[in-house]
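User: Please take a close look at the sheet in this model. I would like to know how it is built and what lies around it.

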Amino acid sequence: MVVELGPGTGAFTAEIQRRLGGRGHHMAVEINPRLAEFLAARNPGVDVVVDDAARLPQLLRERGFERADAIVSGLPWAAFSAETQARLLDAVIAIMGPHTAFTTFAYSFAKRLPPAQRFRKRLIDTFEEVVAGRTVWGNLPPAFVYHVRRPRAEAVTRT
Ligand SMILES: C[S@@+](CC[C@H](N)C(=O)[O-])C[C@H]1O[C@@H](n2cnc3c(N)ncnc32)[C@H](O)[C@@H]1O
């Protein structure tokens, strides 16, 4: 089960589909109905859901799953309030097992802005493993990926 959050126009969607090569279940949760419609038309193999990513545990359960194997996020965490960051991250934690890989991108130019710093601190406080990848200068604007695993026990009991 690969869960994609905030797929937008589908740049990550197409790559996930390519790597899955017809295997597994790819659920993409997009809150904007117009983007979701565009995405579903272009990616018939993807289970596109128009919903808030905060409802991840229910969405997975409706499909007979408790946990995701991989979570790929395109959500703009640095644009969210502290409350929204916490609510969405709690939903992510709730569908993570000990081997789930959670990856989420961030823009390099925004690294030092308070909401981005707050999100980084929240990741470090919440997970045992947080690795920031290299800046991809070819992306416009340049961006990097956080590779995250293993929610801390305190974070899991909180959700
Ligand atoms: C930065 S864009 C996605 C980038 C994406 N990789 C692309 O190629 O377009 C963020 C997306 O997250 C969606 N989004 C924002 N809040 C959301 C939420 N709570 N649940 C699901 N999707 C959300 C937005 O509608 C938007 O499409």
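Analyst: Here is the sheet, followed by its helices and the largest pocket. Keep in mind that this is a predicted model.

Start with the strand order. The sheet is open and has 7 strands, arranged β3-β2-β1-β4-β5-β7-β6. Their pairing is mixed. Two strands pair on one side only: β3, residues 47-50, and β6, residues 127-132. These are the edges of the sheet. From one strand to its neighbour, the average turn is 20°, with direction ignored.

Now one pair within that order. β1 covers residues 2-5, and β4 covers residues 68-73. They run parallel to each other, and 4 bridges join them. In this part of the sheet, V3 sits opposite I71 of β4.

Next, the helices. α4, residues 82-94, lies across five strands: β1, β4, β5, β6 and β7. Its angle to β5 (96-107) is about 145°. α5, residues 114-126, also packs on the sheet. α5 touches β5, β6 and β7, and makes an angle of about 135° with β6.

Last, the pocket. The largest one holds about 540 Å³ of space. Its lining draws on the sheet: β4, β5 and β7 each give at least two residues, and so does helix α1 (11-20). The lining has 22 residues in total. F12, F105, N139, F144 and V145 are the closest to the pocket centre. By class, the lining splits into 11 nonpolar, 10 polar and 1 charged.

Methods:
Residues numbered from 1 in each chain as written. Predicted model: local features only at pLDDT ≥ 70, side-chain atom pairs only at ≥ 80, totals over all residues. Heavy atoms only, no water. Pairing = 2+ DSSP bridges. Axes fitted to C-alpha atoms, helices over the stretch in contact; angles between N-to-C directions. Contact = heavy atoms within 4.5 Å. 1 Å grid on protein atoms, 1.4 Å probe; cavity = no way out; pocket = protein on both sides within 12 Å on 5 of 7 lines; lining within 4 Å. Points joined across faces, edges and corners; volume = space filled by probe spheres on them. Nonpolar A, V, L, I, M, F, W, Y, C, P; charged D, E, K, R; others polar.
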